[in-house]
Amino acid sequence: MARRWALTLCGGMGDGTSTNSWTPGNDGVRVTVVRASDHAVVTNPIDLTNKIPPSTIVHFGKVSKLSYSSGQSLSPQQGTFQYINPSQAMPRIVSTNGSNNIKAIKRYFCSEYTVKLISNHTGMDYDVLINGDYKLLLEPFAFYKFEGVMIATTATEAALYDEQVSGLLRKRMTSLSHKNLPLSMFLEVSDLGYPAWSGSKTSTASNADIKSSLGLGIVRFQEETEAPVVSAYDYEYRVNTEVITSVRVSGGQSDPDNPTRVSFTINGTTYNVGSVYYPSGDSQLAWVKWRTPATEQDMVIHVSVRGPGGTDKSIINCKIVDLDKNPPPNPVADDRNDNFQKSSVPQRVEKTRVDWTVWSPWWRAYWVWHGDDEDGYWCDHGWWEFDLNRYYASFSASMTILCDSKNPTANGRTMKSGYGINQVVSASVSSNQSTAITNPQNAVSYFPEFNYGTYWRLLERMQSGSTACFEFQKNDYSTYKNRTHFSPIWMPDGSYEVNTWVLDSWTPVGMLSSNLTDSLTIRGSLWDDWHVAPLKP
């Protein structure tokens, strides 16, 4: 009987000091066989890792999340840490840079090789293991140095141990223990009594959330017909912006005879997306283009999918923010900042090309003659096949800052502090599926006197379309209402570098953006241009 093995999880990013540190790659997965009907643990957990942990490592034995959820307490041990190094190396489990390794993890743990490996090391008969009565509970673990001692913990054990040490683990190793490790696996669909995770995929998690909902994946062994599954991710959008929200749909096969339909309910309006097709064993993006509201708010998008294998529902949490709320204050002549030190330009999110694919079904005819030579008929016993169409979007942007046109003593790209600057930003996007993207819509500038934070200017879009242009908004403190930004009079001589983040060109696979800089030279101050004439007798 044909079977499909489905791993339900999603994923996340790592950190420390000389006595509190973690080396990327020092991770693994704890595997426990669980009976599907009553969630009973039926084998001792095993730990798979590509590394060789130190023989003196401190750990808590082989205990599953289910056992801890049932009340079992931590039991520290030193040494005798048993582990298995698979001959086929596992993919990276705990990421360090925000990349998502979930596809590779799913592929590895749903492979026949890995399931047979687990069968051999747990003593569970392979055919019994895959008969549909059992599931595999996966838990990411890491081994790392904490307060000078090497320790190995699953995400759940890290949360329990942090409670025992009054929050010290979270304080020392928060990026690993309370973000990258627990967010490396979580459920997209509730199972084994654990809920699907609908919280943040990028923020540090609480001990309670880790224990209840994070740091686990589940492999289900099931028949060919599988209910479609939605993988949804959180978004942050700007106000009054055209955006794209997408989900990935999988499960069974979707074709014109057995189609999948996805519905997005956003702010009281339902958007229906049809023609979501994909072959058995694969998946397809479904997306909707919509405009965000004009005011800041938190929104919940409800997603439902109906396909050949059944239905599924999910939610997407969106944060709508207004960038036009924190422009710099009015500069005055006696401003001072004697302790100013220049900061480096931040590495803001930058993505200038993305690629995505869309499955296109087509019918392969296979005619069969039924009956004898004289009395019969032809019947098409064909099937659906799929072509994979590839799409891309490419983004480019540039910026130029100039001395303000009203600056009387500017000399090319050199000016005195206290005078203003003008700016022009150009951004363009191109794609071979133009209906699936949005044009560049926002740009925001940050300044060295505020250490590229604290205050900023949302630029005004002067030209729309696939090539957009942006300039400063008219400055209320400018005598001529120029589109200008005034440098502070205390700004020291040297390079005056402005940072502009151009963003909000959306695609089905995320936002395109660019992090730009340009600079002028400051030499002297506005006071140098003042002349005090002597009084006449």
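**Note on strands, salt bridges and surface features**

1. Strand S12 (residues 260–266) and strand S15 (residues 297–307) are paired in the antiparallel sense, with 5 bridges between them. At one point of this structure, which is a predicted model, Thr-265 is placed opposite His-302 in S15. As background for the student, strands of a sheet pair through backbone hydrogen bonds, and the pairing is either parallel or antiparallel.

2. S12 and S15 both belong to an open sheet of 5 strands, in which the order is S10-S16-S15-S12-S13 and the pairing is mixed. The edges are formed by strand S10 (235–238) and strand S13 (269–276); each has a single partner strand, so one side of each is left without a neighbour in the sheet. From one strand to the next, the twist averages 25°.

3. A second set of pairings centres on strand S2. S2 and strand S6 (residues 134–146) run antiparallel and pair over 9 bridges. Within this pairing, Gly-28 has Phe-141 in S6 as its bridge partner. S2 is also joined to S3, again in the antiparallel sense, by 4 bridges. Of the 9 residues of S2, 8 are buried, so this strand is largely enclosed by the rest of the structure.

4. How many salt bridges does the structure hold? The number is 19. One of them is formed by Asp-47 and Arg-30, whose closest N and O atoms are 2.7 Å apart. Asp-47 belongs to strand S3 (residues 46–49) and Arg-30 to strand S2 (residues 27–35), so the salt bridge ties together parts that are 17 residues apart in sequence. These two residues are linked in another way as well, for Asp-47 in S3 is the bridge partner of Arg-30. The student should keep the two terms apart: a salt bridge involves side-chain atoms, whereas strands of a sheet pair through backbone hydrogen bonds.

5. Are Asp-47 and Arg-30 buried or exposed? Asp-47 counts as buried because its relative accessibility is 1%, under the limit of 20%. Arg-30 also counts as buried, with a relative accessibility of 2%.

6. A further salt bridge brings together the side chains of Glu-163 and Lys-211, at 2.8 Å from N to O. This pair links distant parts of the chain: Glu-163 is in helix H5 (residues 155–164) and Lys-211 is in helix H7 (residues 207–213), with their positions 48 residues apart in the numbering. Both residues are partly exposed, Glu-163 with a relative accessible area of 41% and Lys-211 with one of 27%.

7. Arg-238 forms a salt bridge with Glu-236, and here the closest N and O atoms are 3.7 Å apart. Arg-238 counts as buried, at 5% relative accessibility, while Glu-236 is partly exposed, with a relative accessible area of 43%. Elsewhere, salt bridges with shared partners join Arg-30, Asp-47, Lys-62 and Glu-157 into one network.

8. Which residues make the nonpolar surface patch of about 400 Å²? The patch is made by Trp-367, Trp-369 and Trp-378. Trp-378 is situated in strand S19 (residues 376–380). With a relative accessible area of 54%, Trp-378 is exposed, because the limit for that term is over 50%.

9. Two residues deserve attention for their backbone angles. Most residues other than glycine have a negative phi. Tyr-452, although not a glycine, has a positive phi of about 55°. Its place is in the loop between strand S23 (442–446) and strand S24 (456–458), and Tyr-452 counts as buried at 6% relative accessibility. Thr-454 is likewise not a glycine and has a positive phi of about 65°. Thr-454 lies in the loop between S23 and S24.

10. The last point concerns a loop residue with a side-chain contact. Asp-191 is located in the loop between helix H6 (168–180) and H7. Where a student might ask whether this loop position is covered, the answer is that Asp-191 counts as buried, at 11% relative accessibility. The side chains of Asp-191 and Lys-135 are joined by a polar contact of 2.5 Å.

Notes. Residues are numbered from 1 along each chain as its sequence is written. This is a predicted model: local features need pLDDT of at least 70, side-chain atom pairs count only at pLDDT 80 or more; totals for chains, interfaces and linings use all residues. Side-chain values use heavy atoms; hydrogens and water are left out. A salt bridge is a side-chain nitrogen of Lys or Arg within 4 Å of a carboxyl oxygen of Asp or Glu. Buried means under 20% relative accessible area, exposed over 50%, partly exposed in between (1.4 Å probe, protein chains only). Two strands pair if DSSP finds at least two bridges between them. Axes are lines fitted to C-alpha atoms, for helices over the stretch in contact, and angles run from 0 to 180 degrees between N-to-C directions. Patches are made of residues with over 30% relative accessible area and no salt bridge: like charges are joined within 9 Å, nonpolar side chains (Val, Leu, Ile, Met, Phe, Trp, Tyr) within 5 Å. Accessible areas come from the Shrake-Rupley method with a 1.4 Å probe; for residues, only the protein chains shown count as cover. A polar contact is a pair of N or O atoms within 3.5 Å; within protein, one must be able to donate a hydrogen and the other to accept it, and residues adjacent in sequence count only if both atoms are side-chain atoms.
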